[in-house]
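Hello,

I am passing a structure on to you, and since it will be new to you, I have added some notes on what turned up in it. Please have a look at it first, then read on.

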Amino acid sequence: MKTIRTTAAMVDWSRTLHREGVTIGFVPTMGALHEGHRALIRAARLACDAVVVSIFVNPTQFGPTEDLSKYPRQLRLDRALCRKEGVDAIFTPTTAAMYPQGSQTIVTVPSLARRWEGDARPHHFQGVATVVTKLLSLVRPDTSWFGQKDFQQAALVQQLVKDLNLPGRVVVHPTVREADGLALSSRNVYLSTQQRRAAPVLYRALHAGASAIWNGERRGADIQRRMARILATESLATAEYLAVCDPSTLEPLKTVQRHAVLLGAVRIGTVRLLDNMLVAVRREP
Ligand code: AMP
């Protein structure tokens with residue numbers, strides 16, 4: 001497995017493979033790899049001839065009071081996981097390589113970045129959109145994989161790739177969960193034993209919202225209340241938002257018609273957890 005550290009070497013690697021007719025699958029990550037990332041890598045491995053995983057903790061998507069310096073970094077373990085999964089190359093640029101002195105350009109996707117995570121983390125999505133634009137321009141993949149776990153991010157990336165004609169197809173992979181429903185996340189390591197026990201309440205709240213829809217409830221406000229009621233049963237968890245939204249625009253729905261995405265973010269101690277559930281309305285035969 002090759003380790004690529006510079007942007008020039010990344011462009012070279014991709015260009016050489018394309019010239020040989022090799023298809024490239026790309027999985028962008030911030031490292032601290034877990035089973036969720038592994039699932040994306042396996043999907044890429046199945047679909048493409050060569051797989052490249054980027055490991056880059058992107059400073060521009062962290063706010064000034066957020067956990068950039070504390071974000072888990074474990075390159076040796078990440079490298080071992082990638083090697084075991086048959087990854088062909090990891091791309092581990094430095095911050096200076098990605099943002100050389102004098103770089104100015106910022107990419108924004110205004111409407112999809114406006115609510116939810118965008119409210120909670122004001123510059124987060126312009127950081128994401130900018131780094132994804134740069135990574136896709138360097139790697140030039142045939143297909144790249146993003147996780148549904150970060151639903152708003154995946155929606156924004158799909159829009160970005162379409163709007164800017166960035167290379168490759170985007171595939172959104174379903175969320176990988178622990179047995180008790182908790183979505184895997186690099187931030188789960190920050191949870192104490194007691195907090196870890198409390199954390200699946202977010203999944204249970206979303207599930208209650210989905211069940212309400214499956215049972216015929218269509219009013220967004222009522223579905224939202226059901227989710228909030230479940231969340232309130234866990235004293236360690238504070239809801240930041242629980243919302244019933246249109247899956248394409250992420251605008252809140254007054255009435256669910258064909259489908260909805262239930263979005264949730266909670267705070268447990270200092271840890272923010274995100275999750276979501278996509279729900280299709282059952283049609284009568
Ligand atoms: P991160 O390293 O957290 O930036 O995540 C890198 C990619 O893995 C993103 O596209 C995430 O949405 C995806 N991802 C993270 N956690 C999961 C999970 N539990 N299931 C599926 N994909 C995930």
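In which strand does T29 lie? T29 belongs to strand β2, which covers residues 24-29. Before going further, a word on the source: this is a predicted model, in which local features need pLDDT of at least 70 and side-chain atom pairs count only at pLDDT 80 or more, while totals for chains, interfaces and linings use all residues. Residues are numbered from 1 along each chain as its sequence is written, and side-chain values use heavy atoms, with hydrogens and water left out. Helices (H or I, at least four residues) and strands (E, at least two) are DSSP runs, numbered from the N terminus.

Back to T29. Its relative accessibility is 8%, so T29 counts as buried (buried means under 20% relative accessible area, exposed over 50%, partly exposed in between, with a 1.4 Å probe and protein chains only). Leaving aside neighbours within four places in sequence, T29 is in contact with H37, V53, S54, I55 and F56, where contact means heavy atoms within 4.5 Å. The side chain of T29 also reaches the backbone nitrogen of G31 at 3.0 Å. That is a polar contact, meaning a pair of N or O atoms within 3.5 Å; within protein, one must be able to donate a hydrogen and the other to accept it, and residues adjacent in sequence count only if both atoms are side-chain atoms.

Next, the ligand. There are 17 residues around it, and M30, G147, D150, V176 and L184 come nearest (a residue is near a molecule or strand if one of its heavy atoms lies within 4 Å of it). Two of these residues approach oxygen atoms of the ligand: a backbone N or O atom of M30 lies 2.9 Å from one, and a polar side-chain atom of D150 lies 2.6 Å from one. V176 has a polar backbone atom 2.9 Å from a nitrogen atom of the ligand.

M30 appears again among the contacts of N58, a residue in the loop between β3 and α3. N58 touches M30, Y99, G127, V128 and V131, not counting residues up to four places away in sequence. Is N58 buried or exposed? With a relative accessibility of 1%, N58 counts as buried. Its side chain makes a polar contact of 2.6 Å with that of Y99 and another of 3.0 Å with that of Q61. N58 and V131 are 73 residues apart along the chain, yet their C-alpha atoms are separated by 7.2 Å.

Helix α3 itself covers residues 75-84, and D78, R79, L81 and C82 are buried in it. Seen down the axis of α3, these buried residues fall within an arc of 160° and so line one face of the helix; the arc is that of the directions from the helix axis to the C-beta atoms. Their cover includes β1 (2-4), α2 (35-47), β3 (50-55) and β4 (89-91). The face turned away from the buried side carries the exposed residues R76, L77 and K84. After α3 comes G86, with a positive phi near 75°.

There is also an open sheet to look at. Three strands form it in the order β7-β8-β9, with antiparallel pairing (two strands pair if DSSP finds at least two bridges between them). β7 (237-245) and β9 (271-280) stand at the edges with a single partner strand each, so one side of each has no neighbour in the sheet. On average, neighbouring strands here are turned by 15° against each other, direction ignored. Helix α10 (residues 220-231) packs on the sheet, touching β7 and β8, and its direction makes about 160° with that of β7. Axes are lines fitted to C-alpha atoms, for helices over the stretch in contact, and angles run from 0 to 180 degrees between N-to-C directions.

How many bridges join β8 to β9? Ten bridges join β8 (residues 259-268) to β9, and one bridge pairs R267 with R272 in β9. The two strands form a hairpin with two residues between them, and G269 in the turn has a positive phi of about 60°. Eight of the ten residues of β9 are buried, so this strand is largely enclosed by the rest of the structure.

Best wishes
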